[in-house]
Amino acid sequence: MVRSLKNPKKAKRKSKGSKKGEGSSSNSGPSVEAKVWQPGVDKLEEGEELQCDPSAYNSLHAFHIGWPCLSFDILRDSLGLVRTEFPHTVYCVAGTQAEKSSWNSIGIFKLSNISGKRRELVPKINKDGSDMDSESSDSDEDNEEEGGRSGSPVLQLRKVSHEGGVNRIRAMRQNPHICASWADTGHVQVWDFSSHLKALVESEAEAVHGGSTVFNQAPLVKFTGHKDEGYAIDWSPLVAGRLVSGDCKNCIHLWEPASDSTWNIDTNPFVGHTASVEDLQVYFAILSGYSGLVLNLIFCSVMMVFVTYLQWSPTEPYVFASCSVDGNIAIWDIRLGKTPAVSIKAHKADVNVITWNRVWDLSLERDEEEEAEFKAKTKEQVNAPTDLPPQLLFVHQPYVLRSDLQGQKDLKELHWHSQIPGMLISTAADGYNILMPSNIETPLPPNDA
């Protein structure tokens, strides 16, 4: 991401005049050098704006499916566990926040022909010392990708009518055609989208933008036992069909599968928080001493929207975590009753989002030898800011210059694709981005952001 002036001609000259014969022109504005923007360090001056550097991405596309989407989930597929070759294909499920309650739907969509460019971590250098990659265009549309097709991604969409706006939607990991949705009507519903996914898998690659047909389909289950609407819902990664859902009245209900399409829902809720939930500013906590577990959690705080967040442990089938606007994080064991096994005051402000630490390494340090080696190979200056956290790998710039990428405003949710290393999908008030940062080349943990 770089920073530049919106209107360089209006910028004040810092030096008066220039010597004759140096190529100056009375009709041209001052030359303004683009600089890398350092988040949390640099401030934008009046007249400055952020601009996207396309070379920072292996792939970057924007698309939308109609109404804004607050929540979506990436569906696991049978196309391969570790896919690295373009073009890519992804399947997702998403819920809308329409202007009228009756206009809402769940979209099941397939995005194919996702083009991009694989780059070497250390660029190949010509004999004259120039970067070979710099001579080619970084535009996805202008390149004929090696081993794949060029052009824009193809969107195919099927819609299922949904009563009320979708606050959050999650697909079961073991059976991704089974999805749970939290509605702003206060209902939690579980759906079987196997017929729609089958149709998308078998369909030809013809773009269907918007999906005019809306299917009326009854959910497998519609739970009306919550006292209020909510946002927190999570499928167990270890026990197929096990689900928890939490509302804004601090009640958490456990769903145990009775069959492939029915659930026993405990009407006696887990209650341990004194309020609902909120978020965003990262902290790191290690909770130890509970049943021999070492629980690594990332939690956050900011004050945006009231929402309760839940997440099952990636290693313990009976354990999940929750957070709340009361500032607490609670660890629950469903074998031990309806009160938290562990509860800590995590923040003075509201806590909105938590996630378990699976394999992610937060102990990265600046490697001066590696920087020197990279500098020697590329013959370029490597000036990493000293006041940025060494863990920061990438900053996604939501405001870009290309006409087909109008940027993302009010970012709502983003997820890693667990089968395509380095691929992220994000949703915002004005659509989706699908992106692959060029500096992330290794397989990433399957936990969602």
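Where is the place of alanine 349? Here are some notes on that and on other features of the model.

1. **Ground rules.** This is a predicted model, in which local features need pLDDT of at least 70 and side-chain atom pairs count only at pLDDT 80 or more, while totals for chains, interfaces and linings use all residues. Residues are numbered from 1 along each chain as its sequence is written, and side-chain values use heavy atoms, with hydrogens and water left out.

2. **Alanine 349.** To take up the opening question, alanine 349 sits in the loop between β24 (342-345) and β25 (354-356). Strands here are DSSP runs of E with at least two residues, and helices are runs of H or I with at least four, both numbered from the N terminus. Alanine 349 has a relative accessibility of 15% and so counts as buried. The cut-offs are under 20% relative accessible area for buried and over 50% for exposed, with partly exposed in between (1.4 Å probe, protein chains only). If you would like a distance to check, the C-alpha atoms of alanine 349 and serine 324 are 9.7 Å apart, for a sequence separation of 25 residues.

3. **Overall make-up.** The protein has 28 strands and 2 helices. Of its 449 residues, 45% are buried. Among contacts with a separation of 6 or more, 65% are between residues 24 or more positions apart; a contact means heavy atoms within 4.5 Å. The accessible surface comes to about 23300 Å², and carbon and sulfur atoms hold 50% of that. Those areas come from the Shrake-Rupley method with a 1.4 Å probe, and for residues only the protein chains shown count as cover.

4. **A salt-bridge network.** The structure holds 9 salt bridges, each defined as a side-chain nitrogen of Lys or Arg within 4 Å of a carboxyl oxygen of Asp or Glu. As background, side chains of opposite charge can pair when their charged atoms come close. Which residues are linked in a network of salt bridges? They are Arg168, Arg170 and Glu413. Glutamate 413 meets arginine 168 with an N to O distance of 3.6 Å. Because glutamate 413 lies in strand β26 (residues 411-416) and arginine 168 in strand β9 (residues 166-171), this pair ties together parts that are 245 residues apart in sequence. Glutamate 413 also meets arginine 170, with 3.1 Å from N to O. Arginine 170 lies in strand β9 too, so its pairing with glutamate 413 in strand β26 joins parts that are 243 residues apart in sequence. Both glutamate 413 and arginine 168 are buried. Arginine 170 is buried as well, with a relative accessible area of 7%, and glutamate 413 counts as buried at 7%.

5. **A salt bridge in helix α1.** Lysine 198 forms a salt bridge with glutamate 202, and their closest N and O atoms are 2.9 Å apart. The two residues are 4 apart in helix α1 (residues 194-202), so about one helical turn separates them. Is glutamate 202 buried or exposed? With 54% relative accessibility, glutamate 202 counts as exposed.

6. **A negative patch.** Asp367, Glu368, Glu369 and Glu370 form a negative surface patch. Patch members have over 30% relative accessible area and no salt bridge; like charges are joined within 9 Å, and nonpolar side chains (Val, Leu, Ile, Met, Phe, Trp, Tyr) within 5 Å. Asp and Glu count as negative and Lys and Arg as positive, while His and the chain ends are not counted. The charge is placed at NZ of Lys, CZ of Arg, CG of Asp or CD of Glu. Within the patch, glutamate 369 belongs to helix α2 (residues 368-378) and is exposed, at 67% relative accessible area.

7. **Backbone points to check.** Most residues other than glycine have a negative phi, and most peptide bonds are trans. The peptide bond from phenylalanine 86 to proline 87 is cis, with omega near -5°, and proline 87 is in the loop between β5 (69-74) and β6 (88-96). Asparagine 113, in strand β7 (residues 105-114), has a positive phi of about 55° and counts as buried at 7% relative accessibility. Asparagine 250 has a positive phi of about 60°; this residue is in the loop between β15 (243-246) and β16 (251-257) and is buried, with 18% relative accessible area.

8. **Glycine 107.** Strand β7 also contains glycine 107, which counts as buried at 3% relative accessibility. Leaving aside neighbours within four places in sequence, glycine 107 is in contact with Cys92, Val93, Ala94, Leu157 and Arg158. From glycine 107 to glutamine 156, the C-alpha to C-alpha distance is 10.0 Å, with their positions 49 residues apart in sequence.
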